[in-house]
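Please open the structure in your viewer and keep the selection tool at hand. This tour proceeds one selection at a time and explains what may be found at each stop.

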Amino acid sequence: MPLSEITKAITKAESDAGRAPGSVKLIAVSKVQPDARVRAVLEEGHRVFGENRVQEAAGKWPGFREEYDGIELHLIGPLQSNKARQAFELFDAIHTLDRPKLAKRIADLAQETGHCPDLMIQVNTGEEDQKAGVLPADADDFIEMARGLDLPVRGLMCIPPVKEEASLHFALLAKIAARNGLEGLSMGMSADFETAISFGATHVRVGSAIFGERVAG
Ligand SMILES: *Cc1c(COP(=O)(O)O)cnc(C)c1O
């Protein structure tokens, strides 16, 4: 689907939900996509991208940044503490804060460098064993801990279980955010970003609908 179709669908979903135009940020998820496809989207003027691996982003984005101004890069995949320094250099936002150890590491790097990417806390709303994120029952305490470290926590992120109704998870994430006074909600992917917007998403992460199917690796 062309980028313009996605942005049109986002504008419509904002309006249907009674939300302000431009209140939802589209993160174009470029992981595993060939450079030519990414470049085509850059040429269309889009500047906000998401990657789920630090290593892959490091190989790809410094080059694009030399060519195109104003790129904003979001890390949407798991972050190991030993990659945090590299993530600090590459990313404007990290959506996957989910462990005390990582929070402390990020706080140390923020002290040292005098800056910090915007942070979202990942919540494992489906309580899936294989998935990262803090459990819903632990979210309030984790948010308080992160705030205690002076981290710039902007919101929450979730990846609903594949086989469940996504809207239940979007509603749960929105509820946890609201009771903690957090505005940001990173939720919604190619199949369900319009639903996510109706539940208050501020950041939708859309990959295959923009770039086409990822080549299985
Ligand atoms: C790959 C990925 C996406 C994009 O998925 P699509 O279904 O291709 O839109 C969104 N969020 C995360 C965390 C991802 O890893």
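The stops below begin at the ligand and then move on to selected helices and loops. The model is predicted.

**The ligand and its shell**

Begin by selecting the ligand together with the residues around it. There are 13 of these residues, and those that come nearest are Lys-31, Ser-190, Gly-207, Ser-208 and Arg-214. By class, the shell consists of six nonpolar, four polar and three charged residues.

Next, display the side chain of Lys-31. One of its N or O atoms is 2.6 Å from an oxygen atom of the ligand. Then turn to the backbone of Gly-207, where a polar atom is 2.8 Å from a ligand oxygen. At Ser-208 the backbone is again the part to inspect: an N or O atom there lies 2.7 Å from an oxygen atom of the ligand. How much of the ligand's exposed area does the protein bury? Taken alone, the ligand exposes 390 Å², and the protein buries 90% of that.

**The loop before helix 2**

Now select Val-32, which is found in the loop between strand 1 and helix 2. Its phi is near 65°, a positive value in a residue other than glycine. Most residues other than glycine have a negative phi. Val-32 is partly exposed, with a relative accessible area of 42%.

Proceed to Gln-33. This residue lies in the loop between strand 1 (25-29) and helix 2. Is Gln-33 buried or exposed? Gln-33 has a relative accessible area of 4% and is buried, because residues under 20% are counted as such. A polar atom of its side chain lies 3.2 Å from the backbone oxygen of Gly-212. Residues up to four places away in sequence being left out, Gln-33 touches Val-38, Lys-60, Phe-211, Gly-212, Glu-213 and Arg-214. Of these, Arg-214 has already appeared beside the ligand.

**Helix 2**

Select residues 35-43, which form helix 2, and colour Val-38, Val-41 and Leu-42: these residues are buried. Viewed down the helix axis, the buried residues fall within an arc of 105°, so they line one face of helix 2. The face turned away from that buried side carries the exposed residues Ala-36 and Glu-43.

To see what the buried residues of helix 2 pack against, add helix 1 (3-16), strand 2 (48-51), helix 3 (54-67) and helix 9 (208-211) to the display. After helix 2 comes Gly-45, whose phi is positive, near 100°.

**Glu-127**

Move along the chain to Glu-127, in the loop between strand 5 (118-122) and helix 6 (139-148). Phi of Glu-127 is near 50°, a positive value in a residue other than glycine. At 52% relative accessibility, Glu-127 counts as exposed.

**Met-145**

For the last stop, select Met-145, which is placed in helix 6. With a relative accessibility of 24%, Met-145 counts as partly exposed. Which residues is Met-145 in contact with, leaving aside its neighbours within four places in sequence? They are Pro-100 and Ala-103. Finally, select the C-alpha atoms of Met-145 and Ala-103: these two residues are 42 residues apart along the chain, and their C-alpha atoms are separated by 8.6 Å.

Technical notes:
Residues numbered from 1 in each chain as written. Predicted model: local features only at pLDDT ≥ 70, side-chain atom pairs only at ≥ 80, totals over all residues. Heavy atoms only, no water. Near = heavy atom within 4 Å. Polar contact = N/O pair within 3.5 Å; in protein donor to acceptor, adjacent residues only side chain to side chain. Areas by Shrake-Rupley, 256 points an atom, 1.4 Å probe, with all protein chains shown as cover. Nonpolar A, V, L, I, M, F, W, Y, C, P; charged D, E, K, R; others polar. Buried < 20%, exposed > 50% of the residue type's maximum accessible area, 1.4 Å probe, protein only. Helix = DSSP H or I, 4+ residues; strand = E, 2+ residues; numbered from the N terminus. Arc of directions from axis to C-beta. Contact = heavy atoms within 4.5 Å.
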